Amino acid sequence: MTLRTLAEKDGCYVHEDSCVEFFMQPFEGTDYINFEFNAAGICYAAHHMNDTASVKFTPEEFAQIKRHTKLAGQKIEEQEGPVFWELSVSIPWQTMGYPEGMTPRRLRANFYKCADGTEYPHYLSWSPVDLPEPNFHCPKFFGSLKLKKRKGKSN
């Protein structure tokens, strides 16, 4: 396994680095949002209207996403050997496309792990993607997430 974190800042592509991704649809249709994070916490995110049209997040939207990792700010060319990294992310519901005050009970989504630009590219998905080549931008392969209401919380 290898570790790589070369993306410079939020808004840069991170899929070639060691990264995890969360793609989700706030509502039924073709629209979806992808959130991609490398091991250093750098984020790429965009609103997708369909397979070809997308709008990258603004600096204000990126700032709403909280991240914690011990590798924050580190640029690692490519480190081989046993690798362990951890990332915690908090994305507000509004940043995920829900109106203020709305907390969904279900959503369609998928989770991915990839590192396209490493010496040993690898890909993993939570919900299977039945395609001959890896392509995570396919909402038809998203799974269904059922969310539980937290005790003591309203709505």
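**Figure 1. Strands β9 and β11 pair in the antiparallel sense.** This close-up comes from a predicted model. Strand β9 covers residues 106-114, and β11 covers residues 143-146. The pairing of these two strands runs over 4 bridges. Look for Arg108, which stands opposite Ser144 in β11. Now compare the two faces of β11. Gly143 and Leu145 form its covered face. Ser144 and Lys146 form the uncovered one. So Ser144, the residue opposite Arg108, belongs to the uncovered face of β11.

**Figure 2. Strand β1 is covered on both faces.** Strand β1 takes in residues 2-5. Thr2 and Arg4 lie on one side, and both are buried. Leu3 and Thr5 lie on the other side, and they are buried too. The partner of β1 is strand β7, residues 76-80. The two strands are antiparallel and share 3 bridges. Which residue of β7 is the bridge partner of Thr2? The partner is Glu80.

**Figure 3. Strands β3 and β4 form a hairpin.** Between the two strands lie 4 residues. In the turn, Gly41 has a positive phi of about 90°. The strands pair in the antiparallel sense, over 6 bridges. One pair to find is Ile33 with His47, its bridge partner in β4. Strand β4 spans residues 43-48. Why is β4 described as largely enclosed by the rest of the structure? Because 5 of its 6 residues are buried.

**Figure 4. A second hairpin joins β4 to β5.** Here the connection is made through 5 residues. The strands run antiparallel, and 3 bridges join them. His48 has Ser54 as its bridge partner in β5. Strand β5 covers residues 54-56. After β5 comes a loop that leads to helix α1, residues 59-63. Phe57 sits in this loop. Is Phe57 buried or exposed? Phe57 has a relative accessible area of 4%, so it is buried. Phe57 and Gly117 are 60 residues apart along the chain. Their C-alpha atoms are separated by 23 Å.

**Figure 5. Glu16 lies in the loop between β1 and β2.** Its relative accessible area is 39%, so Glu16 counts as partly exposed. Glu16 can also be placed against Phe62. The two residues are 46 apart in sequence. In space, they are 19 Å apart, C-alpha to C-alpha.

**Figure 6. The structure holds 0 disulfides.** Start with Cys43, which is in no disulfide. The nearest cysteine sulfur to that of Cys43 belongs to Cys19, 10 Å away. Cys43 counts as buried because its relative accessibility is 0%. Turn next to Cys114, which is in no disulfide either. Its nearest cysteine sulfur is again that of Cys19, at 3.5 Å. A disulfide needs the two sulfur atoms within 2.5 Å. Cys114 has 2% relative accessibility, so it also counts as buried.

**Figure 7. The second largest pocket has 15 lining residues.** Its volume is about 280 Å³. Which elements give two or more residues to the lining? They are β2 (19-25), β3 (32-38) and β8 (88-90). Strand β2 gives the most, with 3 residues. Nearest the centre of the pocket lie Val20, Glu21, Phe37, Trp85 and Leu87. The lining divides into 9 nonpolar, 4 polar and 2 charged residues.

**Figure 8. The whole chain has 1 helix and 11 strands.** This view puts the close-ups in context. From the N terminus, the elements run β-β-β-β-β-α-β-β-β-β-β-β. The radius of gyration is 16 Å. The globule rule gives 15 Å for 155 residues, which is close, so the chain is as compact as a globular protein of that length. Along its principal axes, the C-alpha trace spans about 45 × 35 × 30 Å. Of the 155 residues, 40% are buried.

Note on methods:
Residues are numbered from 1 along each chain as its sequence is written. This is a predicted model: local features need pLDDT of at least 70, side-chain atom pairs count only at pLDDT 80 or more; totals for chains, interfaces and linings use all residues. Side-chain values use heavy atoms; hydrogens and water are left out. On a 1 Å grid over the protein atoms alone, a cavity is a set of points where a 1.4 Å probe fits but cannot get out, and a pocket is an open set with protein on both sides within 12 Å along at least five of seven lines; lining residues have an atom within 4 Å of a point. Grid points are joined across faces, edges and corners, and a volume is the space filled by probe spheres set on the points. Ala, Val, Leu, Ile, Met, Phe, Trp, Tyr, Cys and Pro count as nonpolar, Asp, Glu, Lys and Arg as charged, and the others, Gly among them, as polar. Buried means under 20% relative accessible area, exposed over 50%, partly exposed in between (1.4 Å probe, protein chains only). Two strands pair if DSSP finds at least two bridges between them. The radius of gyration is taken over C-alpha atoms; the globule rule is 2.2 Å times the number of residues to the power 0.38.
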